[in-house]
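Hi,

Here's the structure I said I'd pass on. Have a look at it first, and then read my notes underneath.

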Amino acid sequence: MSDTHNSQNAHDGHGFETVAIHAGNTADPLTGAVVPPIYQVSTYKQDGVGGLRGGYEYSRSANPTRTALEENLAALEGGRRGLAFASGLAAEDCLLRTLLSPGDHVVIPNDAYGGTFRLFAKVVSRWGVEWSVADTSDPASVRAALTPKTKVIWVETPSNPLLGITDIAAVAQVAREAGARLVVDNTFASPYLQQPLALGADVVVHSLTKYMGGHSDVVGGALIVADPALGEELAYHQNAMGAVAGPMDAWLVLRGIKTLPVRMDRHSANATKVADMLSRHARVTRVLYPGLPEHPGHEVAAKQMKAFGGMVSFQVEGGEEAAVAVCDRAKLFTLGESLGGVESLIEHPGRMTHASVAGSALEVPADLVRLSVGIESADDLLADLQQALG
């Protein structure tokens, strides 16, 4: 099996765009194919009992296509180990069951993906893990939520769906002082815009379904870690629990990552134009986009991000029904869950992606609309939103 521990070393000194294309993408030694083959295989012929050819024995444990993706992920995030899973939640589940035991405590953000909240509130809590909510944009709030049993501080930045910004370096310091690990969900930013490990995080989580895949045609998740020993622990649990990325899915994500930099540049440019238009629209009461100077996290985002990403949320006058009507009237923006694809999406978080947080400390405003701004013509996107707003 290829060594994923030091996968970034071969690409030290290269620009991100170069690493995105070349890390893990070694030409096939048999044919010279310039992209890794899809190793659609379950088991491997062994060179004698216990003689593993290249380290491969069974594709739950390791598969060459998945190895290529895992090497690429580690290189992009500047990590020592990357691990690819069947979904983002599968990655989160493996991480939590590796790091936590009954009686441990986790600090979670007051704005987070609904599936992450559901995992903590309805699944992990059933085996004795406790959690508290904090405003992670305020390090003092995080510190106040700590207990002697806190093992993990969980952060999303930008957050989903309110686009909150957390100062990763500041919260990493809080985590170090508490002897806890800092986990950063980097899905909204992608490693092109933000690299949490370099800012002090211990683990980066991705839904590969989103910007990394980038084409709304694959579901996947990832963990990237700075500590090789933790990487080994996670790899053990990944194999023991089995929710691994399949070879076709790994190949699709690898293909998507090659265009990640150019896509993120366009997503960010289009989202900036959309946020600017919405901030001046009479029917919009609030725009949530870290690229706007009035956003409370703008200065921190400018410090730790290359650009501000493709996600924009906004609130409309008229309440929940008005927000739902905007979603229904959109034509070029497709009504749908998920995000990060080349096509633009629109949704009502309260009734869709974040319905699971209703009645909790993470409940989202009823008049909120969330946009995943794609890479279409910006003028066409602006025109569609203007007609949808009425």
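Below is what turned up, starting with the sheet and ending with one serine. Keep in mind that this is a predicted model.

The sheet

There's an open sheet of 7 strands, with mixed pairing and the order 1-7-6-5-4-2-3. Strand 1 (81-85) and strand 3 (130-134) sit at the edges, each pairing on one side only. From one strand to the next, the twist averages 20°. If you're new to sheets: strands pair through backbone hydrogen bonds, either parallel or antiparallel.

At the strand 1 edge, the partner is strand 7 (residues 221-225), and the two run antiparallel over 5 bridges. To find your place there, look for Phe 85, which stands opposite Gly 221 in strand 7.

Helix 8 (residues 228-241) is worth a look too: it lies across strand 1, strand 5 (181-185), strand 6 (203-207) and strand 7. Its angle to strand 1 is about 20°.

The serine

Now go to Ser 159, in the loop between strand 4 (150-156) and helix 6 (168-178). Is Ser 159 buried or exposed? It counts as buried, because its relative accessible area is 3%, and the cut-off for buried is under 20%.

What does Ser 159 touch, leaving out residues up to four places away in sequence? The answer is Asp 111, Gly 164 and Phe 188. With Asp 111, the contact is a polar one between the two side chains, at 2.3 Å. The Ser 159 side chain also reaches the backbone nitrogen of Gly 164, at 2.7 Å.

Cheers

Conventions: Residues are numbered from 1 along each chain as its sequence is written. This is a predicted model: local features need pLDDT of at least 70, side-chain atom pairs count only at pLDDT 80 or more; totals for chains, interfaces and linings use all residues. Side-chain values use heavy atoms; hydrogens and water are left out. Two strands pair if DSSP finds at least two bridges between them. Helices (H or I, at least four residues) and strands (E, at least two) are DSSP runs, numbered from the N terminus. Axes are lines fitted to C-alpha atoms, for helices over the stretch in contact, and angles run from 0 to 180 degrees between N-to-C directions. Contact means heavy atoms within 4.5 Å. Buried means under 20% relative accessible area, exposed over 50%, partly exposed in between (1.4 Å probe, protein chains only). A polar contact is a pair of N or O atoms within 3.5 Å; within protein, one must be able to donate a hydrogen and the other to accept it, and residues adjacent in sequence count only if both atoms are side-chain atoms.
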